[in-house]
Amino acid sequence: MTQISDRAAFIRAQTRLLPTPHAPEISLHLADEATELWRKTEEELGEIGLPPPFWAFAWAGGQALARYVLDHPECVAGKKVLDFASGSGLVAIAAAKNGARHVDASDIDAFAGAAIRLNAAANGVMVHPRVQDLIGLDEKWDVILAGDVSYERDMAQSVTDWLDSLRRRGAHVLVGDPGRTYLARDRLESIAEYRVPVTRALEDCEIKHAQVWCFRDEG
C-alpha cells in the first residue's frame with residue numbers, strides 16, 4: 001500500500017467547493033461522481049476494497065442535521081460539541097458557525113480528517129478533527145451530533161448504545177438519518193423532517209426524506 005503524501009492536494013484536485021444543497025450557508029469540497037473518486041483513491045493508494053469516500057459527499061442525514069443546527073443555534077451555542085462520524089465536517093461546521101464553544105469532528109478516515117480541515121477553513125470556522133474511533137469514550141461533550149451512522153448492523157448497535165449512555169449522563173444527543181435499515185426507531189423519536197437533495201448514484205434517488213431524531217424519554 002502506498003501513501004498519498006498530500007491528502008489536502010488530492011482532495012482539492014478531485015472535488016469542487018460547492019454550496020451544500022440543503023444548507024447552502026456552508027460550502028464543502030464535494031465530488032461530482034462517486035465511483036470515479038473511489039477508483040482514483042484506490043489507484044493512488046494501490047489498494048482495492050477501500051471504504052467509500054464518505055467525506056466527499058453531503059449525505060442525507062448529515063444535511064438534515066446541519067439544517068437543524070443552523071435553524072436552532074440555541075442547541076449548540078456556547079457548548080462543547082462532538083460531530084461523530086463527521087465525514088466532510090458539514091455538521092461540525094454548522095455547530096461552529098452557530099457559536100459552539102469547542103467542536104470536535106471525529107472520523108476514522110484520514111482523508112476525512114483532511115477534508116474537515118479544508119472545509120472548516122473554507123467556511124472560516126475552527127473545528128478540531130479527530131481521526132480516531134471515539135466509541136466508548138466520554139470527554140464531557142455537552143452535545144453529540146451523529147449523521148448517517150446506521151448503515152451497518154454492528155456499527156449501528158454499538159453507536160446507539162454509546163450515544164444512549166452519553167444521553168443518560170446528561171448530554172444532548174441528536175441523530176440525523178433518512179430511515180436507514182438499522183436505525184434504532186424503537187429507541188428514538190423524530191423532532192424534525194426535511195426533503196434533502198442527494199446524489200442519485202449514492203442514494204438511487206434525487207430527494208431523500210431525512211429526519212432528526214432524539215432518544216425517547218424513559219418512564
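Where is P21 found? Select it and take a look: P21 lies in the loop between β1 (16-20) and β2. Keep in mind throughout that this is a predicted model.

**Stop 1: P21 and its neighbours**

With P21 still selected, check how covered it is. P21 has a relative accessible area of 45%, so it counts as partly exposed. Now add Q63 and P197 to the selection, as P21 touches both of them, leaving aside residues up to four places away in sequence. Try a distance from P21 to Q63: C-alpha to C-alpha they are 8.0 Å apart, although 42 residues separate them in sequence.

**Stop 2: helix α3**

Q63 takes you into the next stop, since it is one of the buried residues of α3. Select residues 60-71 to see the whole helix, which has 12 residues. From its first C-alpha to its last, α3 reaches 17 Å, close to the expected 16 Å. Colour by burial and you'll find α3 mostly covered, with 11 of its 12 residues buried. Among them are A60, G61, Y68 and L70.

**Stop 3: across to α4**

Next, add α4 (90-97). How do α3 and α4 lie relative to each other? Their axes cross at roughly 5 degrees and come within 8 Å. Angles under 35 degrees count as roughly parallel, and the two helices are therefore roughly parallel to each other.

To see where they meet, show the side chains of G62, Q63, L65, A66, V69 and L70 in α3, then L90, V91, A94 and A95 in α4. This contact is made up of eight nonpolar residues, two polar and no charged.

Stay on α4 for a moment. It is mostly covered too, with seven of its eight residues buried, including A92, I93 and A96. Just after α4, click on G99, which takes a positive phi of about 90 degrees.

**Stop 4: the core**

In soluble globular proteins, nonpolar side chains tend to be buried together. Here, the largest nonpolar core has 39 residues. Select V76, V81, A95, V103, V127, L145 and V212 to pick out those with the most contacts inside it. Several elements each supply at least two residues of this core, among them α3, α4, β4 (102-107) and β6 (143-147).

Zoom in on L145 now. What does it touch? Beyond residues up to four places away in sequence, L145 touches L65, V69, V81, L82, D83, F84, V91, A95 and L174.

Last stop: select L134, W141, L188 and F215, which belong to a second, separate core of 18 residues.

Key. Residues numbered from 1 in each chain as written. Predicted model: local features only at pLDDT ≥ 70, side-chain atom pairs only at ≥ 80, totals over all residues. Heavy atoms only, no water. Helix = DSSP H or I, 4+ residues; strand = E, 2+ residues; numbered from the N terminus. Expected span 1.5 Å × (residues − 1). Buried < 20%, exposed > 50% of the residue type's maximum accessible area, 1.4 Å probe, protein only. Core = buried A, V, L, I, M, F, W, Y, C linked by side-chain atoms within 4.5 Å. Contact = heavy atoms within 4.5 Å. Axes fitted to C-alpha atoms, helices over the stretch in contact; angles between N-to-C directions. Parallel < 35°, antiparallel > 145°, perpendicular 65-115°, else oblique. Nonpolar A, V, L, I, M, F, W, Y, C, P; charged D, E, K, R; others polar.
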